[in-house]
Each structure stands twice: as C-alpha cells, then as structure tokens.
Amino acid sequence: MAKVPSLLVGLLLLCGLAAMGEANEKYKDPKQPIGIRIRDLMKRMTLAEKIGQMTQIEIKTATPEIMKEYSIGTTAEEWIQMINDFQHGSLSSRLGIPMIYGIDAVHGNNNVYKATIFPHNVGLGATRDPELMRKIGAATALETRATGITYAFAPCIAVCRDPRWGRCYESYSEDPEIVRAMTEIIPGLQGDIPANSRKGIPYVGGKDKVAACAKHFVGDGGTISGINENNTIIDWHGLLSIHMPAYYDSIIKGVATVMVSYSSWNGKKMHAHNQLITEFLKNTLKFRGFVISDWQGIDKITSPPGANYTYSVEAAINAGIDMVMTPFSHSEFIGNLTDLVKKNVTSMSRIDDAVARILRVKFTMGLFENPLADLSFVSHLGSQAHRDLAREAVRKSLVLLKNGENADPPLLPLPKKANKILVAGTHANNLGYQCGGWTISWQGLEGNNLTTGTTILSGISAAIDPSTQVVYSENPDVELVKSGNFSYAIVVVGEKPYAETFGDNLNLTIPEPGPSTITNVCTSIKCVVVLISGRPLLIQPYLPLIDALVAAWLPGSEGQGVADVLFGDYEFTGKLAHTWFKTVEHLPMNFGDPHYDPLFPLGFGLTTKPIVG
C-alpha cells in the first residue's frame, strides 16, 4: 500500500444522516446468524449509505480538526481517543454502522512510538519458522489493538523475483512454497478459524485480534526489472504456480481482506482485472471477505493517473473491487459511482455484493457489539515479551554467508573477552537504518530518536566481557585501524531506509561509505561484516577481504539479537530465502532457472554451534 510521508491511515466514509429508530433491528442482534444480519441491514440501506461503506478516506480528509487537535501517534492513549472520536461519529449515523480503521502494521505496529519493530519479511523468510510467524502475528495484533485499531494491511505475500524491486524486503521469498509457509502469520493476527468453517469465510476471533489483509493481488513481485507498479509478463501457469499459491493458503486460513496490486498482468492493470478479481479470486477460490484497492489505486488505471476518473471508477468496481481507497477524492468517487449505478453501467447487484462482503467482515469482527476501543491492551505496546520475541526473530533471521577460508579457522563465534575490538560502519549505531522503511514514517527515518529499541552497537557492548574495550568509529581511516591494536572488527554497513518506488535500484551496490569502510578495516585486521539491507546486494568484489559475512536484513528494533549470534550465545540457523546474485547483469535469477549461477543459492546458510558455559 502506498502512503504519503506521515502517519496516515484509512477510515470508512459513513453518511451522517439523522438518527432514526426502527423496530426489530435484527442486524443489531448478535444471536442472529451473520447472513440474516447482513440481509436485514442491507434492506434498510440507501444507495448513498451503501456507497459510503465502499469508500475509504484518509484521516486528514475526514476530520482536519482532529488532526489539528492531536499529535497523531504520540501515545497509545491518544490514538484510542482519536479513533473513538471517529467511531462516535459513525455510530451516530442513521443506522449506526461502525467504521473499520486500517493501518500499515507490516512489521509490528510500526507507525507508533515505542511499538515493537519486528524484522521485515525478507528476514523472516530466512527463519523458515511458521510457528514464529504465528507468534509475531499475535503480538502485532495485540500492539495494533493497543492503539484502538482493528485492521492491519498485512501480510504482504508477494513473491519477489527480482531484488531490484523496491519492495523486495516486504517479500518473504522468491520461492512460493516459503511464502505459503509464512502465511501462518494470518491465524496469529486473526485467530484460528473454527473447525467447521467453510472455505473462504473471513474470521477474526476476538477483541485481541485484528482483520488481516493479504496483498498485493497478484504478481506484484514479478514486474519487469523489478520496477515497482510495472508489468508482470508471465503465462497463466506461471501466475498460478509462482504468484498465486500463498493466496490459496490465506483464504483457507480465513483472511478477511485482499488488497489489489498497482501492477499489471500482461499489460492489463490489476485494479481493472475482472477475470482475476471476480472470476478467479471470488468465484473460483470462493473468497468471501472484501477486496480493497491500494492507495489511489484506481486512479492509476489510466495514464496519467486520474486522466479519466469516471472510467477508473467504472473499471475498478465492475472488476470486483469492494472498497476503494480515495484519500483525497472521496466526493468525486461517490458522485461518479452513484451516477454509474443510476445509469445501469454498474449494477445494483455489484454494489450489494461489495457491501455484503464489507458488512460480513464487520460482523465477524464483532464491531457492532464492541465498536469502541479501550485501554485494555495498552500495556502490550512494546512489552518485554514482544521485544524478546522480536529478538528471537532477529537471531533466527541472520544468514551466515562466509566464516573464514577453507584452510583457516572460522572467525565466528567471536570471543567476548578480548583486549580491544573495533566496531565500525554507518549502520552499527543507527536504529532507523536497522528498522528500514515503513517505520514511524512511510520511507523510514535515520538516527536513534524515532522509537524505542537497541542498536547493534548497544547489543555488542552489552554482550562482551566487561574487560573488553570497544572502540566505535563510523568510518575509520586505515591509520586508525592499523595503529589500534584491535583483536578483531565488526563492520556494520548497508542500505538507507526506503519504501516502494523510492527503493527501486538497478545497480544494487552497497552505498558509500560502506565499501570504503569494508576496505579500510578488513584489509588490516580480522573482520566480520554485518550487512543491513532489504535484499541481496553486490558483495562479490569485497568477499576476498572479508573473513566472515552475515546477512542481517532489516532486523528492526531489537539489535541485540545480532550480538546474540555473533558471540555464540545462539547458533546461526538462517537460510537464504532469496538467491544472492554475483552481478546485476544476471538478474532476474531465481532457483530453478536454466542458467542458475548464483554467488549463494537459495537455501544457503552456514551454521555454528553455540558456546556453552
């Protein structure tokens, strides 16, 4: 989902009509079957109220006064008060239909200060641990509920086939089977579906759970040269075998919503793709939740975006999109869709299908019974239990790519007791860099003041013997390294934060001064390089200089998880979930390709044994 660079979330536009009472309101009776409640409510709704349910707007558009009044995201309590203010407005409408409020909680509730920031998906795929994913989903649900929010735009189940894509770190793997396994995060977010549940029926099991969103349907990770929002050229068999499988699993596990991709399949925009959205997702796969557009996604059906907005509305709704993110043009959307229905261009049955799906999710979530948030879950935000879980995830995500030459003893695990050690690199003491994009802001931030967490440097300092001297220099020159009499060095370098198109990168080199730091340090003393990145980067030219190499991905707020494994408190177990290329000229290159010649293949990862005692 695309975002403007601030803490912005969607909420449903609900028509504020005068309150009226009606007898025998079955839709308000939780003892009634959901199907009866849906039908009872829909027969009472006007066209305007139905289209209101299909409209999702951005927070500033909804209530600028509240944005002015609150410092959004400062505390959980302020989030709750803000959301309840919105909800009171919804509940005072004629039919009292509660709103649903969604947020991009893509690696924890990453928009909120002090929340636990889990590793991004690129690292979680390397864990190969579905049970860990379930626990992370449950923790994320609690921390999202802690701010009064009931809907998470996660998980991203893209299959990244080209690391040049700026969203590759949101993908668990290039291998659809690994991505399928990682969908276990969905029952963590939503709860386990009942044993007798029908396939495709959305399920959200309790006040400590949130509605999930499988995204981006479909083929977003297969675009030409990894260009974001571009064209995925692949035949039907390839689409089904590579990009579709995780959707099967998500639907079986009761995922509440599916978000459509900005990208195209063989030249046709996904936001206008009736064959895939209606005929396949809804009719063939029997998905009964609602389909949501991406941020201004229908605008981009035309080029330039918004060139023919009436056509975009028609194409998107008739393709099967049920809820449309219209952050800045909701009045135009509502007007256009109303005219399309009155002119019979869009059928009333299509509107009713969309609204029934939206209401099904709301009833399933218990929003009609419990529309208002309270402070019950505030203590879970950034709790120690969740930070311990994130630290475990960091440990399991690390992939050891090199550990000495064949004739040399391995460098890792490092001794905790040494005379003096050097820690170097731009990413060693930078919480923002290790968290990456989608952290507090859309594009991410730098520095250590964005949220609460532990840098890798802090983790190293806490792990070593008290007698060991630590010298930190972000980019030391050769003279310092040679004259320092260091026992060994830990160099932490990598990419700066980015999100979406801003991360598209055709060369995939390590940004300076990373290469200079590697060269200055590793030519003089024993060194381990810890690479912080959202994807494999060009590392081959520096490999001969490096004694040990660790892919740490984007580990999040718990940097001490890196130190846990470097110093042997835990073993290295992570395995590559993305092929590591030799040169960008070889891209795209994925396991199973005819000329597969990687630097490190899918599944590669050296192991170590923990130091006992």
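This note sets out several points on the backbone and local features of the structure above.

1. Basis of the note. The model is predicted; local features need pLDDT of at least 70, side-chain atom pairs count only at pLDDT 80 or more, and totals for chains, interfaces and linings use all residues. Residues are numbered from 1 along each chain as its sequence is written, and side-chain values use heavy atoms, with hydrogens and water left out.

2. The sheet. Strands 5, 7 and 10 form an open sheet in the order 5-7-10, with parallel pairing. Here strands (E, at least two residues) and helices (H or I, at least four) are DSSP runs, numbered from the N terminus, and two strands pair if DSSP finds at least two bridges between them. Strand 5 (213–217) and strand 10 (290–292) are the edge strands, each pairing on one side only. From one strand to the next, the twist averages 25°.

3. Pairing of strands 7 and 10. Strand 7 (residues 257–260) is joined to strand 10 in the parallel sense over three bridges. Within this pairing, Val258 has Val291 of strand 10 as its bridge partner.

4. A helix across the sheet strands. Helix 11 (residues 245–252) lies across strand 5 and strand 7, and runs at about 155° to strand 5. Such angles run from 0 to 180 degrees between N-to-C directions, and the axes are lines fitted to C-alpha atoms, for helices over the stretch in contact; contact means heavy atoms within 4.5 Å.

5. Cis peptide bonds. Most residues other than glycine have a negative phi, and most peptide bonds are trans. The bond from Ala154 to Pro155 is cis, with omega near 10°, and Pro155 is placed in the loop between strand 4 (151–152) and helix 8 (176–182). The bond from Ser303 to Pro304 is also cis, with omega near 0°; Pro304 is found in the loop between strand 10 and helix 13 (309–319).

6. Positive phi at Asn266. Although Asn266 is not a glycine, its phi is positive, at about 50°. This residue sits in the loop between strand 8 (264–265) and strand 9 (268–269). Asn266 is partly exposed, with a relative accessible area of 41%; buried means under 20%, exposed over 50%, and partly exposed in between (1.4 Å probe, protein chains only).

7. Positive phi at Glu500. Glu500, which is not a glycine, has a positive phi of about 55°. Its loop runs between strand 15 (488–494) and helix 20 (514–522). Is Glu500 buried or exposed? Glu500 is buried, its relative accessible area being 2%.
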